[in-house]
Protein chains: 2
Amino acid sequence: MTWGRRGSGERGYHHGNLKEALVRAALELIAEKGPAGFTFADAARWAGVSPAAPYRHYRDRDALIADVAKRGFEAFTAALAKAWDDGRPDVMAAFDRLGKSYLDFAKREPAYYSAMFEAGVPLDADPQLRETSERAFVVLRAAAEKLVALLPAKGRPPALMVALHIWSMTHGIASLFGRGDAARRALPMPPEELLEAAVLIYLRGLGLNEGVASGRS
Amino acid sequence: MTWGRRGSGERGYHHGNLKEALVRAALELIAEKGPAGFTFADAARWAGVSPAAPYRHYRDRDALIADVAKRGFEAFTAALAKAWDDGRPDVMAAFDRLGKSYLDFAKREPAYYSAMFEAGVPLDADPQLRETSERAFVVLRAAAEKLVALLPAKGRPPALMVALHIWSMTHGIASLFGRGDAARRALPMPPEELLEAAVLIYLRGLGLNEGVASGRS
DNA sequence: CCGCAATGTAAAAGCCCTTCACATGGGAAT
DNA sequence: ATTCCCATGTGAAGGGCTTTTACATTGCGG
């Protein structure tokens, strides 16, 4: 734990990049002590400024968390879009990557995930926040669209519903078993496998032939 | 909003039932402002005692929340067990009730649900807490057991996995769309229907004939 | 009836949040 | 290059929450 002026070296009166520093501090602190145990003053100390300085960049503590959540959704969307890759090389393989990518994000970026889904940020705090969060769902929705298109046109389920199902299942697993948090439950198998099995069963229920190998493990 | 000495009438120096009063206060306050916006001092005020009084009953604020969570798991287990009713009159109908009961609990008792799943209570804060929370899962597990038993013995999936899948899906839906919270997302259909459809698809994927009418609505 | 233990209170130290008046200096306009 | 503006940071202060400690009250068992 070094102290004060991290990274940007030897600052004088002005920090130079306080806003970014605060976001990084928030991520560190949330990862360490959860979104609840995170304090505005801590972030200021972490950045080496007085407790009042952050107010020049954020209306209050919640605004900072909301910004972290927004950035989280951006990174999340990027990760999902990259994993989905427009359904290449084939829809099933891409869909599989998509789910894993979701869990992977929750595990790799617990601080972002916390801020996004567990910090109790009102989605309408910032209209930008709501929109950014929608964009992540758009990827899921597009994937569901392509998935549903594989089914016979007759009795095809609404893609939106399928997207919501997959999202719920994935979020449920991430939320209950995702991180190694002491607060979470133990599991007889890794969450990725749990999810993969669930999705395979669900897709079979939709009428999709088990195309992708389930036992690649 | 009446003030002080609620219910138990005209107290003198001693409250007489402070512990219970604190739990009720916590429930009110959590329901109102979320688990984060809940303060120990508020609860004391609500009960009409000094800010130090609660410390005679709980080590600290977190201990109170943990107790609320514990009571929540008890009520939750009772609700689930009642809905499941040992699989009567038939497994599918009971299973359907079970899922609805889960969502219903999340909606009817948002304060309990928050304390149980969103307040970041370390499950091992109190060994009793962990055990109580396990008991709720036991009901789900038993239901999954009976459900799986309907399948042909060959290639039968592990009941534990099925229970985890259903739990995750249900919790995911409850968590993302469950309450009317401003913080939650809008949905093109009621969460109960979303869950019912998901479960039907999942069960079909398991190889269960669609026994129960899906369109009872 | 007495005295203990349980329960509640008051006061105080420490921390956090937030605001306000003031300080500093980076950079645009001249 | 100089000047001045305003974005950015500081220090101090008010108010609230948390938690501890010494003290007050009282129910209840012996």
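A residue is near a strand if one of its heavy atoms lies within 4 Å of that strand. The exercises below apply this to a predicted model.

**Exercise 1.** Find which residues come nearest to DNA strand D, and state which part of the strand faces the protein.

*Solution.* Start with the residues around DNA strand D, of which there are 24. Among these 24, the nearest are Tyr13(A), Ser50(A), Arg56(A), His57(A) and Ala41(B). Next, take the atoms of DNA strand D that come within 4 Å of the protein: 59% of them belong to sugar and phosphate.

**Exercise 2.** Describe the surface near DNA strand D by residue class and by secondary structure.

*Solution.* Sort the residues by class first: 11 are nonpolar, 7 polar and 6 charged. Then assign them to elements. Helix α2 of chain B, residues 40-47, gives the largest share, with 3 residues.

**Exercise 3.** List polar contacts to phosphate oxygens of DNA strand D, using a cut-off of 3.5 Å between N or O atoms.

*Solution.* Take the backbone first. A polar backbone atom of Ser50(A) lies 2.6 Å from a phosphate oxygen of the strand, and one of His15(A) lies 3.0 Å from a phosphate oxygen. Then turn to side chains: an N or O atom of Thr39(B) is 3.2 Å from a phosphate oxygen.

**Exercise 4.** Determine how chain B is related to chain A.

*Solution.* Superpose chain B on chain A: this takes a rotation of 180° with a shift of 0.0 Å along the axis, and the RMSD is 0.1 Å. The relation is therefore that of a two-fold axis. Finally, compare the contact residues: 100% of those of chain B recur in chain A, so the same surface serves both copies.

Key
Residues are numbered from 1 along each chain as its sequence is written. Chains are lettered from A and ligands numbered from 1 in the order in which they are written. This is a predicted model: local features need pLDDT of at least 70, side-chain atom pairs count only at pLDDT 80 or more; totals for chains, interfaces and linings use all residues. Side-chain values use heavy atoms; hydrogens and water are left out. A polar contact is a pair of N or O atoms within 3.5 Å; within protein, one must be able to donate a hydrogen and the other to accept it, and residues adjacent in sequence count only if both atoms are side-chain atoms. Helices (H or I, at least four residues) and strands (E, at least two) are DSSP runs, numbered from the N terminus. Ala, Val, Leu, Ile, Met, Phe, Trp, Tyr, Cys and Pro count as nonpolar, Asp, Glu, Lys and Arg as charged, and the others, Gly among them, as polar. Copies are superposed by least squares on the C-alpha atoms of residues with pLDDT of at least 70 in both. Contact means heavy atoms within 4.5 Å.
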